[in-house]
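Let's take a walk through this model together, one piece at a time. Keep the viewer open and follow along.

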Amino acid sequence: MSSKKLRFGFVGVGRRGLNHMQIASQFEEVSLEAACDIDESRLKEAASTYGVRTYKSLDEMLEKEKLDVAVISTPTPLHVPQSLKCLEAGLDIILEKPISLDMREVMDLLKAVEESDRILLVGFQSRYSNVIDKAKEAVDENTLSMVAGYWYWTIPIVKWIRLRSQGGGQMVDQAIHLIDLARYLAGEVESVYAVYTERGRDTEEDRATGFDNWASYVVAMKFRSGAVGCIYSTYALYPGVLRAKGGSGGAVEDKATRESAVTLDVVCREMLIRYAHPAAVRIYRKGKEVEVHTLARDPTIDMYKAFIEAVLTRDKSLLRTLYEDSYKTMAISLAATESATTGKVVNLEEFINKYK
Ligand SMILES: NC(=O)c1ccc[n+]([C@@H]2O[C@H](COP(=O)([O-])OP(=O)(O)OC[C@H]3O[C@@H](n4cnc5c(N)ncnc54)[C@H](O)[C@@H]3O)[C@@H](O)[C@H]2O)c1
């Protein structure tokens, strides 16, 4: 690898942005140069922890800094406009999921990416996880029959994510990670049908927290292979719902055996691959011992490793979450919302083509 340091600038240094800075700071190929945010206290924290220069706007940061890479972790409605500015400034980009709440914007950015020679990576870090590697190896494409997954959650900690108009809802904001893994493991989706409800999170008490969103979501998918899938998710539960109080009855509890509030099952002929996000994959095969694989490290670290190498070598094939592919995951989430709104089955290709 070359000795050139990549100059990183961070756009949005809230909860996830600071996490990106912490991970980026572990790589000797990276130099943390600058951060921009509209919140002074976030900028102070970024400056005091990582010694970066700080800016109140992206425009100013791009004008004053010489950067190679932008890491965008702002509220979702800002993702596409900020990515377009960074592409125009000639930067490679790590863009947090979800890409956008608006399919037209998703396609505008696709066009811009295809016309540029820059790398735009989308933050679906689970694709780089060592346990997902094991799941992918185990999948039997010829008999893959069903994918089923759930994301059991509560009112989001981050306030703007509570709003349908900013966060887009569970299928767009969080369960999109499961939709992306479903695509990674089971192939492309042909059509989706979804139903959403506000029931279960529509009281005065809920509204007083600033919550204005659907409470629960069910999405049925048909894959091009003929396999079927279902992802369901909710904001109607409470923190730590599956972590029972009062101990584990003497059983040894570790990350691999604990029930997970976020799970994806892949069913093939006489084999179940169960991903307990993010800690473990268990593979059940007829007549065999259960195979358990546990997470070795935060997959975002592996995502950075691949991204840095790809930027230095300009080899895009090292990446599993290039924008040119990841936009299709975004399309499934947005098609699900369209289906839940109109009551109709949405054919994915037709949905994407409408915005071309
Ligand atoms: N990949 C993952 O697992 C993962 C995990 C958490 C969050 N995320 C994603 O990261 C993004 C940020 O989420 P978060 O939880 O960190 O939210 P957050 O609210 O904690 O952080 C967003 C930051 O952006 C700043 N901001 C707002 N407007 C800005 C502007 N015009 N210019 C620059 N900064 C601006 C805010 O002040 C805030 O500090 C979201 O897209 C979220 O979905 C991804």
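Which glycine takes a positive phi just after H4? That's glycine 90, with phi at about 85°. Keep in mind that what you're looking at is a predicted model.

Since we're at H4 anyway, let's look at the helix itself. His79, Val80, Gln82, Ser83 and Cys86 are its buried residues. Their arc around the axis is only 160°, which puts them on the same side of H4. That buried set packs against quite a list of elements: strand E1 (6–11), helix H3 (58–64), strand E4 (69–72), E5, H5 and E6.

H5 is on that list, so to speak our next stop. It covers residues 103–115, and its 13 residues reach 19 Å from the first C-alpha to the last, close to the 18 Å expected at 1.5 Å a residue. Here the buried residues are Met103, Val106, Leu109, Leu110 and Val113. They span an arc of only 120° around the axis, and therefore sit on the same side of H5. Turn to the face pointing away from that buried side and you'll find the exposed residues Arg104, Lys111 and Glu115. As for partners, the buried residues of H5 pack against helix H4 (79–88), strand E6 (120–122) and helix H12 (323–342).

Now back up along the chain a little, into the loop between strand E5 (92–95) and H5, where proline 98 is placed. The peptide bond joining lysine 97 to proline 98 is cis, with omega about -15°. There's another cis bond to look at, from histidine 277 to proline 278, where omega is near -10°. Proline 278 belongs to the loop between strand E12 (271–276) and strand E13 (280–285).

While you have the backbone torsions up, check glutamate 270. Its phi is near 55°, a positive value in a residue other than glycine. You'll find glutamate 270 in the loop between strand E11 (262–268) and E12. Is it buried or exposed? Glutamate 270 is exposed, with 12 other C-beta atoms within 10 Å. Arginine 314 is another non-glycine residue with a positive phi, near 60°. Its place is the loop between helix H11 (299–313) and H12, and with 11 C-beta neighbours inside 10 Å, arginine 314 counts as exposed.

Next, the ligand. How many residues surround it? There are 24, and the closest are Gly12, Gly14, Arg15, Arg16 and Glu96. Helix H1 (residues 15–24) gives the most to this shell, with three residues. Sorted by class, the shell has eight nonpolar, eight polar and eight charged residues.

Two more residues are worth a click. Serine 260 is in the loop between strand E10 (228–234) and E11, and is partly exposed, with 18 other C-beta atoms within 10 Å. Leaving out neighbours within four places in sequence, serine 260 is in contact with Leu242, Ala276, His277 and Ala279. His277 is also the residue at the start of that cis bond to proline 278. Try a distance from serine 260 to valine 30: they are 230 residues apart in sequence and 34 Å apart in space, C-alpha to C-alpha.

Then there's glutamine 166, in helix H7 (residues 164–167). Glutamine 166 is partly exposed, with 18 other C-beta atoms within 10 Å. Not counting residues up to four places away, glutamine 166 touches Pro75, Thr76, Pro77, Trp160 and Ile161. Its C-alpha is 7.9 Å from that of leucine 101, with their positions 65 residues apart in sequence.

Finally, zoom out. The chain has 13 helices and 15 strands. Its radius of gyration is 21 Å, close to the 21 Å that the globule rule gives for 356 residues, so the chain is as compact as a globular protein of that length. Along the principal axes, the C-alpha atoms fill a box of roughly 60 × 50 × 45 Å. Of the 356 residues, 42% count as buried. And if you look at contacts with a separation of 6 or more, residues 24 or more positions apart account for 68% of them.

Terms used
Residues are numbered from 1 along each chain as its sequence is written. This is a predicted model: local features need pLDDT of at least 70, side-chain atom pairs count only at pLDDT 80 or more; totals for chains, interfaces and linings use all residues. Helices (H or I, at least four residues) and strands (E, at least two) are DSSP runs, numbered from the N terminus. The radius of gyration is taken over C-alpha atoms; the globule rule is 2.2 Å times the number of residues to the power 0.38. A residue is buried if 20 or more other C-beta atoms lie within 10 Å of its own, exposed if 12 or fewer, and partly exposed in between; C-beta atoms are placed from the backbone. Two residues are in contact if their C-beta atoms, placed from the backbone, lie within 7 Å. The expected span of a helix is 1.5 Å times one less than its number of residues. The arc is that of the directions from the helix axis to the C-beta atoms. A residue is near a molecule or strand if its C-beta atom, placed from the backbone, lies within 6 Å of it. Ala, Val, Leu, Ile, Met, Phe, Trp, Tyr, Cys and Pro count as nonpolar, Asp, Glu, Lys and Arg as charged, and the others, Gly among them, as polar.
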